Amino acid sequence: MKFSEFWLREWVDPAIDISSLCSQISMAGLSVNSIEAVQFHSFNKIVVGKIEQCYSNPDSSNIWMTQVNIGIDRLLDIPCNASNCRRGLKVVVARCDHLSSSSVKVDVSHIREKHPRWILCSFSQLGLFINQEGVIELPCNSVIGSDVLQYLRINDNIIDVSITPNRGDCLSILGIARDVSVLNRMSLNEVDIFPVTASIPDIIQIHIDDIEACPRYLARVIKLDNLRSATPFWIQEKLRRCGMRSLNPVVDITNYILLELGQPIHAFDRDRISGAIIVRYSKENEIFQLPDGSETRLGTDTLVVADEYKILAMAGICGSQEVGITLDTKSIVLECAFFSSLAIIGRARKYGLYTESSSRFERGVDSELQNKAIERATHLLLTICGGSAGSIIDITYQNKLPSRDVIILYRVNLDRLIGNIIEDVVVTDILHRLGCKVTKQLDYWEVRSPSWRFDLVLEEDLIEEITRIYGYNNIVNISIKTNLVISRRNNKALSLKRAKTLLVDRGYQEAITYSFVNPKLQKLLHPRDEGLGLLNPVSVEMSVMRLSLWTGLLGAILYNQNRQQLHIRFFESGLRFVPDIKAPLGIRQELILAGVVSGYRYAEHWDLPKDLVDFYDVKGDLESLFQLLSQADNVEFFPVVNPAFHPGQCAGIYMLQEYIGCIGTINPFLEQKLGLKSRVIMFEIFWEKVLGRIFPHAHPLSPFPFNRRDISIIVPEHVRASDVLKECKKAGGETVICVNLFDIYRGQGIVQGFKSFAISIIIQDICRTLHEKDLAVIIGRCIKSLEKRFQASLRDGRYGSNKR
């Protein structure tokens, strides 16, 4: 935000120079970007003059010869080539010998006198970049002979300040003056605002459809006598020095109030409004005419101000050209409202607009400022243009306006976070100067923040403010004493870092993607789930919170495939955000470990095959992770259906019968839709559901030989091999140290709907050598258990081979 130093000093004028003032503002948290002098050059004498005579030069038709009165005993003969030069004009007169040749270029080659002593100045010759040709036309009440530097206040500075998003109250002269007054322990020279007495009965009806979005709306009908009146020079200059140009008195005054108080105001042509004013949300594809005459179609989420037939303005953003002020306007409707920032945020960006009004409403406007602003604007309008005003129509829903809750500030927390003790009386004084209502208790303060400081909500906010005003440089530079407590470590818990290290060892690379994702891509992966939309997204492609990490990882896969990468393995850990009315704030956050794999199984090598990675490669990586937990025997993979995955190549991961994640090959439809160039396998694990590690227990090695027996059984097609192996292990008891599936057969000799498993069983006892009859009992127990649970039968009615 740009503002004039002189304008700021009208509100608060500390006895410090511009450099110290800007340093003070920066240290208070409002970064000063630049200080720019209004004038580029120093002048010793520039005065107000009046053109008494003006006639054409006989030597040149383009030159006027003037006689100018500057308050001395004679008239000055001054040549001038400006088109607006005329008799009776009040002008700026300067001596030529006080203007350096580098600053002012005066063409006098056609004048007989080689060195004229005086010139009539334009704005550019004074170093003021105002888009106005010819000599400066001063107001008629300018005093002849007075110092122009003082009259125009040219020895001013323009200060450019960056306002942080939480300090919307500083987007005005009033807001910045408040901070300067607090820092210098000075009072504000506030403008006296008196109510304007209504002198006409004209009113306009107002209806508010959404009182949450617009809890307060003020309007007033004003009849103007002369809209062609010139805006006073002092208003034009203040606007210009803040980066705004003068248009007409109504627009200039609304802009002036916006800069002075921080409250956006808008004016409509009363004769172009049909019926009542209605504050509502727009309809789908409703047309709105922008100020430049172009049209845009609105969505249903845009708050508008409308009449019975058309939209008058996008609430808090800009007005329509259809009801704009022209030189023929006789009567206006002045509106001043409080719009909720949530109803305005993101709308300007959505339609490619940026206005001074939207930047303030998005950050928040003082909810108690509207009446003062409309009275101030009315007074200035009637003073400049003349006319009469109607009464203010005030529609306010007090219970919907922002309320200021009491914040408890504890002394112990203040001391702990700052690391320095600030006296109670100083803390109380700072809070009072900030505009807070303070009640001091024994060891804490009860604080209610002012209406313009909507960023003060937590105890930490108050501590930050106290530190800022107290001065960071006033805090003693000593080491902070902290009492560290060594926490107990849960050795059973596998750290996420260790799991990530394992994946890196297996050839993966860690990726970090945004939590904000493309809603279209997310809808393809999760068609049955609704994501959490952002109120103020960075872009349309980053407008919802992610429901899984796959959305960002698939974007990384596509990015690398487009750059000829043929061996891609990515993993990422992070939160996913699921709307859930039962969760705090309606959002459930879950920590996810996810991965995507594509391309060849191995990096290019002369001795390795160029096989594409498949489902079982990634499944093996996950099994290695579960082996690290010593939970491999407790993890099972069951077929599931997921729209993001290929039918038949998707499995849910269960640990002790609890769902902890899934793995699968991406659906071919999605693969084609996304433009992926090869098969992609994805997985995700809900990390907080993964159980802790099972610590291994050492057992003595058996000195006795082990025996292997192979059996071949026939089971129904639906029976899972893992269930068969677990049953064998369970039935065999402690002497069965290993069960392994080494063959699956379907075909000749096997009835359709059945399959054959070839299983090896390793048997060993720690106390003795097992004999054949012992082995027969163990194998028989296994077969009997399989027959009972799975209706299994031995293939060809025989089993076994004695191998060691």
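Two strands pair if DSSP finds at least two bridges between them. That criterion applies to this predicted model, in which a hairpin of 3 residues joins strand β22 to strand β23.

## Strand β23 and its neighbours

Strand β22 spans residues 437-440 and pairs with β23 in the antiparallel sense over 4 bridges. Within this pairing, Val 438 has Val 447 of β23 as its bridge partner. Strand β21, residues 406-410, also runs antiparallel to β23, and 5 bridges join the two. Here Tyr 410 is matched with Tyr 444 of β23.

In a regular strand the side chains alternate between the two faces of the sheet. Strand β23, residues 444-448, shows such an alternation. Trp 445 and Val 447 point to one face and are buried, while Tyr 444, Glu 446 and Arg 448 point to the other face and are not buried. Val 447, the bridge partner of Val 438, thus has its side chain on the buried face, whereas Tyr 444, the bridge partner of Tyr 410, points to the other face.

## Nonpolar cores

In soluble globular proteins, nonpolar side chains tend to be buried together. In this model the largest nonpolar core has 52 residues, and those with the most contacts inside it are Phe 3, Leu 8, Val 250, Ile 257, Ile 332 and Leu 334. This core lies between domain 1 (2-38 + 157-184) and domain 3 (206-396), because both domains give residues to it. Beyond residues up to four places away in sequence, the contacts of Leu 334 include Leu 218, Ala 219 and Ile 222, as well as Ile 265, Ala 267, Ile 374 and Leu 381. Arg 220, Thr 254, His 266 and Thr 378 are also among the residues that Leu 334 touches. A second, separate core of 37 residues includes Phe 268, Phe 288, Met 314 and Val 323.

## Salt bridges

The structure holds 48 salt bridges. Three of them are listed with the distance between their closest N and O atoms.

| Basic residue | Acidic residue | Closest N and O atoms |
|---|---|---|
| Arg 86 | Glu 137 | 3.1 Å |
| Arg 411 | Asp 415 | 2.7 Å |
| Arg 720 | Glu 636 | 3.7 Å |

Arg 86 and Glu 137 form a salt bridge. Arg 86 lies in the loop between β5 (76-80) and β6 (90-95), and Glu 137 in the loop between β7 (118-120) and α3 (148-152), so the pair ties together parts that are 51 residues apart in sequence. Arg 86 counts as partly exposed at 40% relative accessibility, and Glu 137 is likewise partly exposed, with a relative accessible area of 34%.

The pair Arg 411 and Asp 415 belongs to helix α11 (residues 411-418); being 4 residues apart, they are separated by about one helical turn. Arg 411 counts as buried at 15% relative accessibility, because buried means under 20% relative accessible area. Asp 415, at 22%, counts as partly exposed.

Arg 720 forms a salt bridge with Glu 636. This pair links distant parts of the chain, 84 residues apart: Arg 720 is in the loop between β33 (707-716) and α19 (721-732), and Glu 636 is in strand β29 (residues 635-639). Arg 720 is partly exposed, with a relative accessible area of 22%, whereas Glu 636 is buried, with a value of 15%.

Salt bridges that share partners also join Arg 167, Asp 169, Asp 179, Arg 453, Asp 455, Glu 465 and Arg 468 into one network.

Terms used. Residues are numbered from 1 along each chain as its sequence is written. This is a predicted model: local features need pLDDT of at least 70, side-chain atom pairs count only at pLDDT 80 or more; totals for chains, interfaces and linings use all residues. Side-chain values use heavy atoms; hydrogens and water are left out. Buried means under 20% relative accessible area, exposed over 50%, partly exposed in between (1.4 Å probe, protein chains only). A nonpolar core is a set of buried Ala, Val, Leu, Ile, Met, Phe, Trp, Tyr and Cys residues joined through side-chain atoms within 4.5 Å. Domain bounds come from an automatic or database domain assignment. Contact means heavy atoms within 4.5 Å. A salt bridge is a side-chain nitrogen of Lys or Arg within 4 Å of a carboxyl oxygen of Asp or Glu.
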